[in-house]
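Visitor: Please take me through this model and explain the reasoning behind the terms you apply to it.

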Amino acid sequence: MTKTYRPRTALVHGGARRSQFGETSEALFLTSGYTYESMEAAEKRFTGEEPGFVYSRFANPTVRMFEERMALLEGAEDARATASGMAAVTAAILCSLKAGDHILSSQAVFGSCRFIVETLAPRFGISSTLVDGRDLDQWKKAIRPNTRIVFLESPSNPTLEVIDIRAVAEIAHAAGALLIVDNVFATPVLQRPLELGADIVVYSATKHIDGQGRCLGGVVLSSKQWIADHLANFLRQTGPAISPFNAWVMLKSLETLDLRVREHARNGEAVARFLEDHPKVTRVLHPALKSHPQHELAMSQMEMGGNVMAFDVKGGKEGAFRFANALDIIKISNNLGDAKSLITHPATTTHQRLTPEQRAASGISEGMLRLSIGLEDPQDLMEDLDAALAGI
Ligand SMILES: *Cc1c(COP(=O)(O)O)cnc(C)c1O
């Protein structure tokens, strides 16, 4: 593309590189290495005098197309893809840190992200503090002169807590720290953290970016400078490279991302309203509902509420199990952002390792279910939910 187009156009054409065959659909370069015309050419490729690829742990044409398309969508200067969302989060957090630095994070984050911040980093002399991300005073009190990275997820998994990204970015910047936002639940279509002041955005591309439950992948997006100074060399030397095949699947999926995410969100909102009115459901958490404790903040930073919700059914764990076992279309799975609607019971699966006290503090009750709404007909989904709820 010769100029900058709007996101929906970038999603279809952005980053495309055509080979000598002029193929319409982007090519899959399933290659680990590259050949050179001469020893001199190899030498120049390695010094950087001549542009080009040298090894797929560093860069690959298909992976590069995916990264460039993601950067155009996000409005970021540059991006790097990784083998999974956790590889992206780990690299983004650790690539610039050293012993003596401090990480500040919200506590309502994906379990493995919490492990990186709370358990892994401190083993190497990088201290960390977790705060209730909804309370700006806690961020202000916990930030330190040696805080280098501030990390948050909004909306959070699984209780859909919303954090004021603009305000936390200001607190981070005043202390000279960088803000990383894990934007998986909102997706790049519905929330643009860089415009809200974040410095780095990370994704598990495994979720809505693939969107059809096939491949693992991750993406880190930021300024050219930060990627060149910190991330690029960390990835090059430690090697969490995405397979070109997975990058190709993700790249082609981006062409329909905007359509899918908006339809997911419309379905999600319809189902959330249906559950809210249902007598067997005691609580529904979805950012687009007026009853969400931070509904206004959510709608000031997200275009729509997304497709993931949490809700409590009557009868605690037993009620939740009986209900979920009776579902027909909606599958029991701990994944999310899939074309298929998926339901999980966080207390016994994704958040099983937390103590009951930690779960209670995070708002995860024994009767709570997390539901990721897919692309089925929402009427069928509501009928499925209604029939299963009748059995509680
Ligand atoms: C799934 C997920 C991750 C981890 O991604 P993987 O691709 O499974 O490694 C990180 N953060 C959030 C919010 C997620 O939902």
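Guide: A polar contact is a pair of N or O atoms within 3.5 Å. The model under discussion is predicted.

Visitor: What makes the approach of M86 to the ligand a polar contact?

Guide: A polar backbone atom of M86 is 2.8 Å from an oxygen atom of the ligand. That value is within 3.5 Å, so the pair counts as a polar contact. Side chains supply further pairs: a polar atom of S204 lies 2.7 Å from a ligand oxygen, and an N or O atom in the side chain of K207 is 2.7 Å from an oxygen of the ligand. Of the 390 Å² of accessible area that the ligand has on its own, the protein covers 91%.

Visitor: Which residues are around the ligand?

Guide: Among them are S84, G85, F110, E153 and D182. The ligand takes up the space of the largest pocket.

Visitor: Why is the pair of Y55 and F58 called edge-to-face?

Guide: The ring centres of Y55 and F58 are 5.7 Å apart, with 75° between the planes. The distance is within 6.5 Å and the angle is over 60 degrees, therefore the pair is edge-to-face. The count of aromatic pairs comes to 4.

Visitor: Why is Y55 called partly exposed?

Guide: Y55 has 38% relative accessibility. Buried requires under 20% and exposed over 50%, so Y55 falls in between. F58, with a relative accessible area of 27%, is partly exposed by this reasoning.

Visitor: Which residue lies over the face of F58?

Guide: R236 lies over that face, at 3.8 Å from the ring centre of F58. The distance part of the criterion, within 6 Å, is therefore met.

Technical notes
Residues are numbered from 1 along each chain as its sequence is written. This is a predicted model: local features need pLDDT of at least 70, side-chain atom pairs count only at pLDDT 80 or more; totals for chains, interfaces and linings use all residues. Side-chain values use heavy atoms; hydrogens and water are left out. Rings of Phe, Tyr and Trp (its six-membered ring) pair if their centres lie within 6.5 Å; planes under 30 degrees apart count as stacked, over 60 as edge-to-face and the rest as tilted. Buried means under 20% relative accessible area, exposed over 50%, partly exposed in between (1.4 Å probe, protein chains only). A charge sits over a ring if NZ of Lys or CZ of Arg is within 6 Å of the ring centre and within 35 degrees of the ring normal. A residue is near a molecule or strand if one of its heavy atoms lies within 4 Å of it. A polar contact is a pair of N or O atoms within 3.5 Å; within protein, one must be able to donate a hydrogen and the other to accept it, and residues adjacent in sequence count only if both atoms are side-chain atoms. Accessible areas come from the Shrake-Rupley method with a 1.4 Å probe; for residues, only the protein chains shown count as cover. On a 1 Å grid over the protein atoms alone, a cavity is a set of points where a 1.4 Å probe fits but cannot get out, and a pocket is an open set with protein on both sides within 12 Å along at least five of seven lines; lining residues have an atom within 4 Å of a point. A molecule sits in a cavity or pocket if more than half of its atoms lie within 2 Å of its grid points.
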